[in-house]
Amino acid sequence: MLYARVVLPLAQPAYTYAFDESTGIGVGDAVVVQFGARRYYTGIVWEITTERPQLGRIKSISRRLYSTPLVGGWQRRMWEWVADYYICTLGEVMRMALPSLAKPSADSFEEFSKEIFKMPTESYVALAEELLPLGGEQLAQRIESLCRRAPRRAEIMRRIASLAAEKGAADGFVRRRLIDADPSILTAMRSRSLIRTEQRERTAEGETAGDFLLPQLSPAQQLALGQIRQAVDSLQPALLHGVTGSGKTEIYMHLIAETLSRGKDVLMLVPEIVITSQLVERMERIFSSHVTSYHSKLTPHRRTEIYLRLAASSGGELVVGARSAMFLPLPHLGLIVVDEEHDQSYKQTDTQPRYNARDCAVIMGRLAGAGVVLGSATPSLESYVNSLSGKYRKVDLTERYGGGELPAVIVSDTMRAVKRNERKVHFNRVLLDGMAEALEAGEQAMLFQNRRGYAPYIECRECGWTARCPHCNVTLTLHRQPERLECHYCGYTMTPPAACPNCKTQNISTMGFGTEKVEQEISRLFPEARIARLDRDTSTSERAFRTIVSAFEQGETDIMVGTQIITKGFDFDRVSLVGILNADNLLNAPDFRSAERAFQLMMQVAGRAGRRRGGSRVIIQTSQPQHPVIRQVAAGDYEAMARQQLDERRTFNYPPYSRLTRFALRCRDYDRLREGANVMAEMLRRKFGHRVMGPVSSAVETIRGEHRAEIAVKIESGASFGRAREMMREVLDRMHSSPDYKSVTIAVDVDAQ
Ligand SMILES: [Zn+2]
Ligand SMILES: [Zn+2]
């Protein structure tokens, strides 16, 4: 008998099960085990030992699932790193890392067996066994004699033979869909034992690597490629800092081709796959069937199929995916590219573990012995500091690809425009004039406003009443299509009241403005223009999203109004004007990262302008034209922004000069939450002293009827963060095991954003 430590998809430690050596079960295999009185779970074999544990009765592993291990090699060490670093259990990593259908659970073994995922299959055909050893003239004669007066059958047999030879299929089987034949003919041929058929797991088309048609690189790109190659060869992460439109993607393509040619796998992470569908298409044009795209919008079935196929792959795979793709099994990983590495969507914020895929990528590179390339036009300060210290190799691309000019940035003072009567509703005259000119010239404009909906809130002019969500401590946003008040935290909606529920007057007005209002006003000011709006309300599906984007791409719409979503990775040739409608709400966010974020966001929006031609403009409306970040954006001066922000972060001991861990507590009972938060903060203070901040109420105090509080711990960079995490884990365990705080949920966020 052997004993296995099995990880279950629960917030629990691994449990020990027995199994017989003859089952062939190994480390990383998925197995079925019984846990508790009745429940059956999928588990992952983590360790195997011959020593029987001392404690109690030990159950046996019911059976092994799938023919290949689900978690192999470097991936096991990655899971361990994630569990340790983000202060959670291996079970929680498993719960998140494996697609849902790859880890069934059920109340009986029979139920469980029904839930096991079957890989999709396809038909294969081969010539009759006795014909296999024959070749050339001999085979031709034999086929002739077997298919007298049936030339179609003879033709099919010759086709099977030649395909099998071409593909080097030793057993003679080739894909049935490569044979152009009617199913009824094949059935008849099989019944006469001319051919054999078989169902096999569907796999990707085997294709020879090496002859990819790659884009030409400019001398600047060549130079950057050379520098990155050096870093990659010595397993030092490279930070590619290239202005928008400098052609980072073309450099990635060369690196990817080199890696695939060596039979290795490539993982390319992108912020949001829906937004990057243009990129996937470009990759597919070059790398065809090597490319797999992986993201949360895929069906569970498709995700599971991809996972299982990759676990068994023999290398040469290119996965382009969002954050969650970092948990895919790529046994022959040779290169990881993290595009737009500064993007916030790499950080998981809603479930445990709250990992950052960019940071994990660097660790993965080390564990798998793979090269790592982080790319951005506006690197995160964390990565920038790592490049200054020499931990990362910094590679710069300062000119636009194809000689395109950077747009001119114009800062437009909103207060001044109001005083001079040069403002119509939410637009300063310089912006309206610019739009009129662009439309006149048959060019396109993009308008960025960081709020969706019509207005962020409505207010009674008489008594000051505002519409608020009954479940969350926030105002309701007014939407017009369809007419409703909506909570952006929990989705609660209600019909806007005709009169103030408080004082019964009808003097209710809208405050602030969102994309819907911008769209409406712009269509009033430019009645001839065709306007599109891109935000979460209009792009509810990938299809709706693509329709809006491709209409703009084709020039079927003139003006695109949108939220953050328009800032990411688009490449529109005809955009000559970009307007940032309200920079103030970016600058004034109450967060130590707000300046960095505002800079990144504005630079990304600005980067959408005039990628191929000169003379394009970016107009920023703000009431703080002298704000350092506005000046840095206007000058396109990343270094100035970085220097100033790093100075401030150092002074106040914020990341990257410290590590910030945040504990988010929530509970329906307000008093219980306060008490729990105080007790936990006290325990942390006993270990960490002044490094503990809080508890404070969260920015939004109540969501879905749950009260929320936060405690933060700042550990200075020089101290042992490993030891600190151990101590934090102890405090968490004590909170979890205390009967007083059963109802308090605690989430840990290491390197909180
Ligand atoms: Zn009122
Ligand atoms: Zn709500």
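What spacing do the donors of the zinc ion (ligand 1) follow along the chain? In this predicted model, the donors of that ion follow the pattern C-x2-C-x36-C-x2-C. Coordination of the zinc ion (ligand 1) is through the SG atoms of Cys-460, Cys-463, Cys-500 and Cys-503, at 2.2 to 2.4 Å. The angles among the 4 donor atoms are 104 to 113 degrees, and the site is tetrahedral. Among these donors, Cys-460 is buried, with a relative accessible area of 2%, whereas Cys-463 is partly exposed, at 34%.

The zinc ion (ligand 2) is held by the SG atoms of Cys-469, Cys-472, Cys-487 and Cys-490, at 2.3 to 2.4 Å. Its donors are spaced as C-x2-C-x14-C-x2-C along the chain. Cys-472 is located in the loop between strand 21 (457-460) and strand 22 (477-480), and Cys-487 in the loop between strand 23 (483-486) and strand 24 (493-494), so this pair ties together parts 15 residues apart in sequence. Cys-472 is buried, with a relative accessible area of 3%, and Cys-487 is buried as well, with 1%. The arrangement around the zinc ion (ligand 2) is tetrahedral because its 4 donor atoms subtend angles of 107 to 113 degrees.

A helix contact was also examined. The axes of helix 1 (residues 73-85) and helix 22 (residues 721-737) come within 10 Å and cross at roughly 65 degrees; the two helices are therefore roughly perpendicular to each other. In this contact, Ala-83, Asp-84 and Tyr-85 of helix 1 meet Phe-721, Arg-725 and Arg-729 of helix 22. By class, the contact comprises 3 nonpolar and 3 charged residues, with no polar ones.

Conventions:
Residues numbered from 1 in each chain as written. Chains lettered and ligands numbered in written order. Predicted model: local features only at pLDDT ≥ 70, side-chain atom pairs only at ≥ 80, totals over all residues. Heavy atoms only, no water. Donors = N, O, S within 2.8 Å, 3.2 Å for Na, K, Ca; no water. Tetrahedral: all angles 85-135°; square planar, octahedral: opposite > 155°, others 65-115°. Buried < 20%, exposed > 50% of the residue type's maximum accessible area, 1.4 Å probe, protein only. Axes fitted to C-alpha atoms, helices over the stretch in contact; angles between N-to-C directions. Helix = DSSP H or I, 4+ residues; strand = E, 2+ residues; numbered from the N terminus. Parallel < 35°, antiparallel > 145°, perpendicular 65-115°, else oblique. Contact = heavy atoms within 4.5 Å. Nonpolar A, V, L, I, M, F, W, Y, C, P; charged D, E, K, R; others polar.
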